[in-house]
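Got your viewer open? Here's a short walk through some spots worth clicking on.

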Amino acid sequence: MTQIAYFNLPDVGEGLTEAEIVSWKVKPGDTVSVNQVIVEIETAKSLVELPCPFAGVVSELLAAEGDTVEVDKPIISVSVADGAVGTQTSAIAVAAADAHESVNAAAASVDADEPKTPNLVGYGVAAHTAASRRRGRVAMPQAAPATTALPVAAAIATGALQVTPAEDSVLAKPPIRKLAKDLGVDLARVSGTGTAGEVTREDVVAAASQASVFRNLSTPAAPSEREERIPVKGVRKAIATAMVSSAFTAPHVSIFVDVDATRTMEYVKRLKNSPDFAGVKVTPLLIMAKAMIWAVRRNPTVNSTWTDEEIIVHNYVNFGVAAATPRGLIVPNIKDADKMSMLELAQALEQLAATAREGKTTPADMKDGTITITNIGVFGVDTGTPILNPGEVGIVALGSIRPKPWVVNNEIVVRQVTTIGATFDHRVVDGDVASRFVQDVASIIEEPALLLD
Amino acid sequence: MVQILSPEGELGVPSAYSVYAQYLERLTEADYLKFYRDMARMRRFDHEATALQRQGQLGLWIPAIGQEAAQIGSGYAVGHNDHIFPSYREHGVAITHGIDLMSILKMLRGVNHGGWNPDETRFHLYAIVLGTQVPHAVGYAMGVKFDGKVGNAKAEDNLAVISYFGDGATAEGEVSEGLLFSAINQSPIVFFCQNNQWAISSAVSSQTRVPLYQRGAGFGVPGIRIDGNDVLASYCVTAKHMDDARNGDGPFLIEALTYRIGAHTTSDDPTKYRKEEEVEYWRARDPLTRLEKFLRRQGIKDDFFEEVEHAGETMAAEIRAATFALGEPPIENMFNHVYSQPHPEIAEQLAWVKEYESSFEGDA
């Protein structure tokens, strides 16, 4: 009886991930000896001839000339005498099988049923590390009839043997993948901020702390107790006090406007690609903040404080951002945001968010705000009626921005549309000022170029 | 350039180099056969290791084909008290000092860091970082001098050091520093530079304005160039200057002019930077062919060469089987020898890696 032995494409050059089959020197049915050159491959570094690791009769060529094959994928199967080859090798897999069962045999050789094999150089590359270490990630061509000729080659050619791309298209180092796994973060949903676009430790931590805030990730089983009593203390108590004090002392008035944010989204995209903003997080919130600061200058009363004796109009903007954190809602602000350039503001927003997520926001960070934005769009809702941050007279809610039908020149077209909602303290801000302010903000969102005036 | 065995296999010591004649006279036919056997063994080992790398069994291989004469000749000239500080291509020198060839393959597979004990073998571990072995060797030689193990009446009480490096390493500061310190100290050391003419893709002409054997002159280290593809020149010249070093004559530099027939390593593609005609020129000056011509003139018949070839195949099959049987080394190996004694931080790191690795087990 004979065995089928598989020769997997080795990494011939310290860290290569793939190679192209240039020419086969053997064909099915040929007798091969150990170290006989069987194929010429071209790697990113050079043309290389591969010697056969075992003696026998060529059973199948599993990749065609011109194909690019990933390292660790089988390229040839050879029928060898029983016991002629060991199985504890990284580039070679053996399946006890007759030739007609080669489909499953080949699948087994790329599936994780093979023994865990050492990586010779470093951790190798994510794609094949994941493939060789994780179980059940390879699509097995089970339906292929057992007698079909060259089924495995066909399967490779059609991609049926490819590893599913979900996580593997994401760049991340193994410890970061491990961290993501531990924290339940799906790397595919994290946008990497590393120099090569890779997902960093900070990205994963941020995603982990945000994910549970933004979305119900799972539906827990119904609790057995009829009621749960949660002591009112700490941040929750502070939030409650502030909300009540705000809602029952300041008469709130809310107004809304729908706006075409297509140009804002384009602007965000261009800023992201600009070298000046490399490594800085750019979001629609940044444009919104800039728009509000601009609109404040045109409508200063929305940026003031009510005391029973006087209205204090602030000629500076301490720009508050409502932040949902694992500990609850907090509203830190960026001091003198009106003095900042777009880049400085972007950095300040990023810093504010990071500090909040880590739970390191200080009381000073939350003091002396003059106007606030709440970015409820990130929760996927269109708008809301925000409650004023105590001491302030204006707050703006930025809703989700998504493609919606929009009328342009009497025709319905798809535009990136959002709703701006805003609440004001009616003791200070009259309807006309409130409306002009919101219209000013909306005009910037519609045409951010106006910021240049 | 000292040449004792001509490319046609004719033996003779030029009168200008008669000081080396007495070393040639010590050699018997058995020595010649031993040289040939080991040069052939070195080459067969090299071919097998290259194939094993191409089959995914080694992370890297560093071929030394073409340098057999320089290494086997000089390797046998090193006495049994002397110490050897190799670079990373000295597989032939390793053969002459009984290093288990599997140790070298294990290192290039990443299973260990060499694994032989330099105290026992006097063949120190391979130095992967270019040129670092030269100051190590000089330091050792200075120690030998301080210990008074130089210039004693009884030859048995003396020892010397030999440091191997290539033409590329001469452009590293370490080699110049080593030459200077050894000259000042008059250390018992021979610097053996195998000029294989290519420092990866840099030609030797881009590395030096004067012949490399003259490099030591300004420091006070005399030198000589030998035909590095002549195993007898390599043996005789090295033997003489190791003797001199043991006797207290100070350091000496030997430049063995040879050629790297293969790639720098299996990650290199030499066709990108040098011409095939150049390689052909040196292939025609193959050190094994030269020695074979000489041996056949001496009356050595086919059966010897067949026996050598057969032994090579047996050795190749053995190391192939042994390589395939190599398992994965225990994780502890990475940590055990960082400090000589247990260390809390290393213990913590080991625990972390173990936990990390185990997190992949049974992963769904």
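Is B:Glu307 buried, partly exposed or exposed? Select B:Glu307 and turn on a surface: B:Glu307 is partly exposed, with a relative accessible area of 41%. Keep in mind as you click around that this is a predicted model.

**Stop 1: across chain B**

Now add B:Arg37 to your selection. The side chains of B:Glu307 and B:Arg37 form a salt bridge, at 3.4 Å from N to O. B:Arg37 sits in helix H2 (residues 29-54) of chain B and B:Glu307 in helix H12 (residues 302-324) of chain B, so this pair ties together parts that are 270 residues apart in sequence. Like its partner, B:Arg37 counts as partly exposed, and its relative accessible area is 35%. As a general point, side chains of opposite charge can pair when their charged atoms come close.

**Stop 2: a network in chain B**

Stay in chain B and select B:Arg26, B:Asp82, B:Asp243 and B:Arg246. These residues are linked in a network of salt bridges. If you feel like hunting for others, the structure holds 30 salt bridges over all chains.

**Stop 3: helix H11 of chain A**

Jump over to chain A and pick A:Asp432 together with A:Arg436. Their side chains meet in a salt bridge with an N to O distance of 3.9 Å. How many residues apart are they in helix H11? The two are four residues apart in helix H11 (residues 431-446) of chain A, which means about one helical turn separates them. Check the surface here too: A:Asp432 is partly exposed at 44% relative accessible area, and A:Arg436 is partly exposed at 45%.

**Stop 4: a pair with a buried partner**

Next, select A:Asp425 and A:Arg427. Here the side chains make a salt bridge at 2.6 Å, N to O. Which way does each residue fall, buried or partly exposed? A:Asp425 is buried, with a relative accessible area of 1%, whereas A:Arg427 is partly exposed at 31%.

**Stop 5: a nonpolar patch**

Leave the charges behind and select A:Val378, A:Phe379 and A:Val381. Together they form a nonpolar patch on the surface, with about 220 Å² of accessible area. Where does A:Val378 lie? Look in the loop between strand S16 (371-374) and strand S17 (394-398) of chain A. With a relative accessibility of 40%, A:Val378 counts as partly exposed.

Definitions and conventions:
Residues are numbered from 1 along each chain as its sequence is written. Chains are lettered from A and ligands numbered from 1 in the order in which they are written. This is a predicted model: local features need pLDDT of at least 70, side-chain atom pairs count only at pLDDT 80 or more; totals for chains, interfaces and linings use all residues. Side-chain values use heavy atoms; hydrogens and water are left out. Patches are made of residues with over 30% relative accessible area and no salt bridge: like charges are joined within 9 Å, nonpolar side chains (Val, Leu, Ile, Met, Phe, Trp, Tyr) within 5 Å. Accessible areas come from the Shrake-Rupley method with a 1.4 Å probe; for residues, only the protein chains shown count as cover. A salt bridge is a side-chain nitrogen of Lys or Arg within 4 Å of a carboxyl oxygen of Asp or Glu. Buried means under 20% relative accessible area, exposed over 50%, partly exposed in between (1.4 Å probe, protein chains only).
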